[in-house]
Structures are given as C-alpha cells and as structure tokens.
Amino acid sequence: MIDIFPGLGISERELNFSCDRSPGPGGQNVNKAHTRVTLIFDVGGSLSLSSQQKKRVCEALGSRISRDGVLRVVSCKERTQLANRRAAVNRFIELMGQAAQVPKPRKATVAPASA
C-alpha cells in the first residue's frame, strides 16, 4: 500500500511498470540496459479512489492523463532501473497528493471601512 496522504492509500497492485532504454546518463550502459521506468496508473479503473477523488484527479491532472484515463509518470534521470522506479513512485505520490486533496473553501470577506 502506497500512502498518498492520511486517509488515502493506493494498492501497489494498481500500478504497472514498464522499462525501456533511457536517453539519459549512463555512459556505455545506456546502450544496453533498460533503465527508463514508466509508471502506469489507471485512474478510471482504480479501486482505491472514490468517484469524487477520481473526478478531482482527472481535473487536476488532465494534461497528464490520456483519453483512456491512464496516468503515466516517466523517470530517466538516474543510472539504474531501481533508482528510476523509486523516483517515478515518489513523483506519482507528489502528483496524486496535490490532485486528490480537497481544497479549502474560500471564506467571503468584507473590505474594512478604512479601505
């Protein structure tokens, strides 16, 4: 279980990973090792998110989510597949944490008489 914030956790079974050759750092290793990691998360088919959370995530991350409702997070900054996998998961947690939280309702205020 991956904890996004208190009250929201996403099962690791809902995350899929794929690995490709990375265009990033790695020297000669970059030509033969599959170090770029793509994290794939189906927002629409998630069992961990409520319908309200799915709606908020789709609105907040609309440019990152495909037409099929799939969120992709790619990491190729590190030299190893394991480090890129960790970086992709951390970025996923950051994105989901920002997108799924309920915004605080704005309180209407009145300008003071002196203004």
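1. Let's begin with C19, which sits in strand β3. Please keep in mind throughout that this is a predicted model. C19 has a relative accessible area of 31%, so the residue counts as partly exposed. If we set aside neighbours within four places in sequence, C19 is in contact with H34, R36, V37 and Q81. For a sense of distance, take N90, which lies 71 residues from C19 along the chain. The C-alpha atoms of C19 and N90 are 17 Å apart.

2. Now to the sheet that β3 belongs to. What is the order of its three strands? The order is β3-β4-β5, in an open sheet with antiparallel pairing. The edges are formed by β3, residues 15-20, and β5, residues 70-75, and each of these pairs on one side only. On average, neighbouring strands of the sheet are turned by 20° against each other, with direction ignored.

3. The pairing of β3 with β4 is worth tracing on the model. How many bridges join β3 to β4? There are six, and the two strands run antiparallel, with β4 covering residues 36-42. Two pairs will help you find your way: F17 has L39 of β4 as its bridge partner, and L15 stands opposite F41, also in β4.

4. On to the pairing of β4 with β5. Here too the strands run antiparallel, and six bridges join β4 to β5. L39 is a handy residue to follow across the sheet, since it is the partner of F17 and is also bridged to V73 in β5. Is β4 mostly covered or mostly open? Mostly covered: five of the seven residues in β4 are buried.

5. Next come the helices. Helix α1 spans residues 51-60 and helix α2 spans residues 81-100. Their axes come within 8 Å of each other and cross at roughly 110°. That angle falls in the range from 65 to 115 degrees, and α1 and α2 are therefore roughly perpendicular to each other. The crossing of the two helices is right-handed.

6. Which residues make the contact between α1 and α2? From α1 come R56, V57 and A60, while α2 supplies M96, A99 and A100. Sorted by character, the residues of this contact comprise five nonpolar, one charged and no polar.

7. Two further residues of α1 deserve a look, starting with Q53. Is Q53 buried or exposed? With a relative accessible area of 14%, Q53 is under the 20% limit, so it counts as buried. Leaving aside neighbours within four places in sequence, Q53 touches L8 and S48.

8. The other residue is C58, also found in helix α1. Its relative accessibility is 35%, so C58 counts as partly exposed. Not counting residues up to four places away in sequence, C58 touches V43 and I65. G44 is 14 residues from C58 along the chain, and the C-alpha atoms of the pair are separated by 8.8 Å.

Notes: Residues are numbered from 1 along each chain as its sequence is written. This is a predicted model: local features need pLDDT of at least 70, side-chain atom pairs count only at pLDDT 80 or more; totals for chains, interfaces and linings use all residues. Side-chain values use heavy atoms; hydrogens and water are left out. Axes are lines fitted to C-alpha atoms, for helices over the stretch in contact, and angles run from 0 to 180 degrees between N-to-C directions. Helices (H or I, at least four residues) and strands (E, at least two) are DSSP runs, numbered from the N terminus. Angles under 35 degrees count as roughly parallel, over 145 as roughly antiparallel, 65 to 115 as roughly perpendicular and the rest as oblique. A crossing is left-handed if the near helix is turned anticlockwise from the far one by less than a right angle, and right-handed if clockwise. Contact means heavy atoms within 4.5 Å. Ala, Val, Leu, Ile, Met, Phe, Trp, Tyr, Cys and Pro count as nonpolar, Asp, Glu, Lys and Arg as charged, and the others, Gly among them, as polar. Two strands pair if DSSP finds at least two bridges between them. Buried means under 20% relative accessible area, exposed over 50%, partly exposed in between (1.4 Å probe, protein chains only).
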